[in-house]
Amino acid sequence: MSEDQSTVLLVEDEPLIRLFIAELLEDAGFRVVEAANATEALVILEAGLRVNVLLTDVEMPVGCNGFELAHKVHETWPEAEILIMSGRQWPAFGDLPPGAAFLAKPCPNEAIVSHVHSAAERTRRVHPLARRMQASHEAAAKILPFPKTA
């Protein structure tokens, strides 16, 4: 993975839609990590994966919905940009965390890529210090001292 390659956490419960969007974003140069629901997404984030963009559907059968997931991500990982998609449920007042964007399905492929690209660029501009600190931490974590043996 290139150091400048942005990571997108794609949360979509419909496997074919998830596969299609993942391939679309990978073809556009993004690293995509897939989750079938909010519970899987939170496990991935809690494991320490640094995500630039969360792209989530609203309606999911397991765990919280996309709006609730977006609020949890905003509170715990504020450096991640958040994009929420739905073709059935529109956001009401308070559903979107600050800075999040809503994309109505069906959304043209070019629009999805454009929104994800813009969100990824914002993480580069707004959080460069956090990126440098994370890179420094990751580099330090790769060094494993071994005790000398006789």
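The exercises below, each with a worked solution, concern a predicted model.

**Exercise 1. Work out the order of the strands in the open sheet, and explain which strands stand at its edges.**

Solution. Begin with the pairings of strand E1. Five bridges join E1 to E2, and these two strands run parallel; within this pairing, the bridge partner of Leu9 is Val33 in E2. Four bridges join E1 to E3, again in parallel, and here Val11 of E1 has Thr56 of E3 as its bridge partner. Next, turn to strand E3 (residues 53-57), which is joined by five bridges to strand E4 (residues 81-86), with the two running parallel; Leu55 is partnered in E4 by Leu83. The full order of the five strands is E2-E1-E3-E4-E5, with parallel pairing. Strand E2 (31-35) and strand E5 (101-104) are the edge strands, because each has a single partner strand and so has one side left without a neighbour in the sheet. From one strand to the next, the twist averages 20°.

**Exercise 2. Describe how helix H1 is placed relative to the sheet, and state the handedness of the unit that it makes with E1 and E2.**

Solution. Helix H1 (residues 15-27) packs on the sheet, where it touches strand E1 (7-11) as well as E2, E3 and E4. The direction of H1 makes about 165° with that of E2. Taken together, E1, H1 and E2 form a β-α-β unit that is right-handed.

**Exercise 3. Determine how far E1 is enclosed by the rest of the structure, considering both of its faces.**

Solution. Take one face at a time, counting a residue as buried when its relative accessible area is under 20%. On one side Thr7, Leu9 and Val11 are buried, and on the other side Val8 and Leu10 are buried, which leaves both faces of E1 covered. Five of the five residues of E1 are therefore buried, and the strand is largely enclosed by the rest of the structure.

**Exercise 4. Identify the residues with the most contacts inside the largest nonpolar core, and find which element gives the most to this core.**

Solution. The largest nonpolar core has 25 residues, and those with the most contacts inside it are Leu9, Val11, Leu54, Leu69, Val73, Ile82 and Ile84. At least two residues of this core come from each of E1, E2, helix H2 (38-46), helix H3 (66-76) and E4, and H2 gives the most, with five residues. To see the surroundings of one such residue, consider Leu54: leaving aside neighbours within four places in sequence, Leu54 is in contact with Leu9, Val11, Leu69, Ala70, Val73, Glu81, Ile82 and Leu83. Another core, of 18 residues, lies apart from the largest one and has Leu10, Leu24, Val53 and Ala119 among its members.

**Exercise 5. For H2 and then H3, list the buried residues and explain why they line one face of each helix.**

Solution. In H2, the buried residues are Ala38, Ala41, Leu42, Ile44 and Leu45. Seen down the axis of H2, these residues fall within an arc of 160°, and therefore they line one face of the helix. Val43 and Glu46, on the other side of H2, are exposed, whereas the buried residues of H2 are covered by elements including E1, E2 and H3. In H3, Gly66, Phe67, Leu69, Ala70 and Val73 are buried. Viewed down the axis of H3, the buried residues likewise lie within an arc of 160°, so they line one face of that helix. The buried residues of H3 pack against E1, H2, E3 and E4.

How values were computed:
Residues numbered from 1 in each chain as written. Predicted model: local features only at pLDDT ≥ 70, side-chain atom pairs only at ≥ 80, totals over all residues. Heavy atoms only, no water. Pairing = 2+ DSSP bridges. Axes fitted to C-alpha atoms, helices over the stretch in contact; angles between N-to-C directions. Contact = heavy atoms within 4.5 Å. Buried < 20%, exposed > 50% of the residue type's maximum accessible area, 1.4 Å probe, protein only. Right-handed = clockwise from strand over helix to strand, strands pointing away. Core = buried A, V, L, I, M, F, W, Y, C linked by side-chain atoms within 4.5 Å. Arc of directions from axis to C-beta.
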